[in-house]
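User: Please take a close look at one part of this model. I would like to follow the sheet that sits beside the main nonpolar core, and then see how the rest of the chain relates to that part.

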Amino acid sequence: MLCITHGITLPMAILIIEDEVKLATILDRALKTERYATDLAFDGKTGLKKAMSGNYGLIILDLMLPKIGGLEICERLRASSIHTPIIMLTARSTVSDRVSGLDVGADDYLIKPFSIDELFARIRAVRRRRKTVDAPTLKIADLVFDTKRHEVSRAGKEILLTPKEYRLLRALLLSLGQALSRRQLIDAIWGPSFIETNNELNVHMAYLRRKIDTNSAKPLIHTIRGVGYAIKE
Ligand code: CA
């Protein structure tokens, strides 16, 4: 599945944290056929470290994991203000597990064994719910982006953006916490036929960063080495 926003096509990255290699591989393949980008972690410690990067659009998280369990991962992510949607997987079907999973900030829950179609449906539902909650005002930390009024402010102070900076910030916010490649950002500003000749993206990104992050102790726009950029706390 692809996120289509104003004609730009962004593959969503899904992190799978699952110690059953066979199941993880099946999920990985199935998600790839649906054109999601995927990443895998086979134990809780690796999974937590990857998830903490905030580079994913969604996390599929097994409950029973070696090193660090699923509940603790979920709890620690939310405590660190990583709000990536999480779908928990478990073989145990007791009510208390379900409740504690949702208590610590999971978005949904799937009991093993489940069908791939069921998982796809849950992923779509979680994404839809998150979008409805977020629109039309997008927020991160003290940055508020009102898509209806085309107004942007940080810590209550209005920030005036050029149309290109506006499109750039919008693309970053729509993929909150997930890194976007240079090409995806260029598509968002100029469209897919644009060919960079003078580092135009860097120029507009520098202007945007100056406006958004210069007067704040907490920069929100981050360079993700080897990938591109992301907006996150
Ligand atoms: Ca397991």
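Analyst: What follows starts with one sheet, moves into the core, and ends at the metal site.

This is a predicted model. The chain has 8 helices and 14 strands. Of its 233 residues, 47% count as buried. Among contacts with a separation of 6 or more, 57% join residues 24 or more positions apart.

Start with the sheet. Three strands, in the order S12-S14-S13, form an open antiparallel sheet. Strand S12 (180-181) and S13 are the edge strands, and each pairs on one side only. H6 packs on this sheet and touches S12, S13 and S14. The direction of H6 makes about 75° with that of S14.

Now take the pairings in turn. S12 and S14 are antiparallel and share 2 bridges. Here serine 181 stands opposite glycine 228 of S14. On the other side, S13 and S14 run antiparallel and are joined by 4 bridges. Threonine 223 has tyrosine 229 of S14 as its bridge partner. S13 and S14 also form a hairpin, with 3 residues between them. In that turn, glycine 226 has a positive phi of about 80°.

Serine 181 has a further link. Its backbone nitrogen lies 2.8 Å from a polar side-chain atom of glutamine 184. Glutamine 184 belongs to helix H7. Its relative accessible area is 13%, and buried means under 20%, so glutamine 184 counts as buried.

Next, the core. The largest nonpolar core has 26 residues. Leu143, Leu169, Leu172, Leu185 and Ile231 touch the most other members. Six elements each supply at least two residues: strand S8 (137-140), strand S9 (143-146), helix H6 (163-174), helix H7 (182-190), helix H8 (200-213) and strand S14 (228-231). H6 gives the most, with 6 residues. H6 is thus a shared element: H6 packs on the sheet and also contributes to the core. S14 has a double role too, as a strand of the sheet and as a supplier of core residues. In soluble globular proteins, nonpolar side chains tend to be buried together.

Leucine 185 shows the packing in detail. Neighbours within four places in sequence are left aside here. Leucine 185 is then in contact with Leu168, Ala171, Leu172, Leu180, Leu201, Met205 and Tyr229. Tyr229, one of these contacts, is also the bridge partner of threonine 223. Another core lies apart from this one. That second core has 21 residues, among them Ala41, Leu77, Ile86 and Val104.

One loop follows H8. Serine 216 is found between H8 and strand S13 (221-224). Serine 216 is partly exposed, with a relative accessible area of 22%. A polar atom of its side chain lies 3.2 Å from the backbone nitrogen of lysine 218. Serine 216 and alanine 155 are 61 residues apart in sequence, yet their C-alpha atoms are 8.8 Å apart in space.

Compare the other sheet. Five strands form an open parallel sheet in the order S4-S3-S5-S6-S7. Strand S4 (37-41) and strand S7 (108-111) stand at the edges, each with a single partner strand, so one side of each has no neighbour in the sheet. Neighbouring strands are turned by 20° against each other on average, direction ignored. S5 and strand S6 (residues 86-90) pair in the parallel sense over 4 bridges. Isoleucine 59 has isoleucine 86 in S6 as its bridge partner. Ile86 is also one of the members of the 21-residue core.

S5 leads on to the calcium ion. Its protein donors are Asp19 (OD), Asp62 (OD) and Met64 (O), at 2.1 to 2.3 Å. Their spacing in sequence is D-x42-D-x1-M. The two aspartates link distant parts of the chain, 43 residues apart. Aspartate 19 is in the loop between strand S3 (13-17) and helix H1 (21-33), while aspartate 62 is in strand S5 (residues 58-62). Their exposure differs: aspartate 19 is partly exposed at 29% relative accessibility, whereas aspartate 62 is buried at 2%.

Technical notes
Residues numbered from 1 in each chain as written. Predicted model: local features only at pLDDT ≥ 70, side-chain atom pairs only at ≥ 80, totals over all residues. Heavy atoms only, no water. Core = buried A, V, L, I, M, F, W, Y, C linked by side-chain atoms within 4.5 Å. Buried < 20%, exposed > 50% of the residue type's maximum accessible area, 1.4 Å probe, protein only. Contact = heavy atoms within 4.5 Å. Donors = N, O, S within 2.8 Å, 3.2 Å for Na, K, Ca; no water. Pairing = 2+ DSSP bridges. Axes fitted to C-alpha atoms, helices over the stretch in contact; angles between N-to-C directions. Polar contact = N/O pair within 3.5 Å; in protein donor to acceptor, adjacent residues only side chain to side chain.
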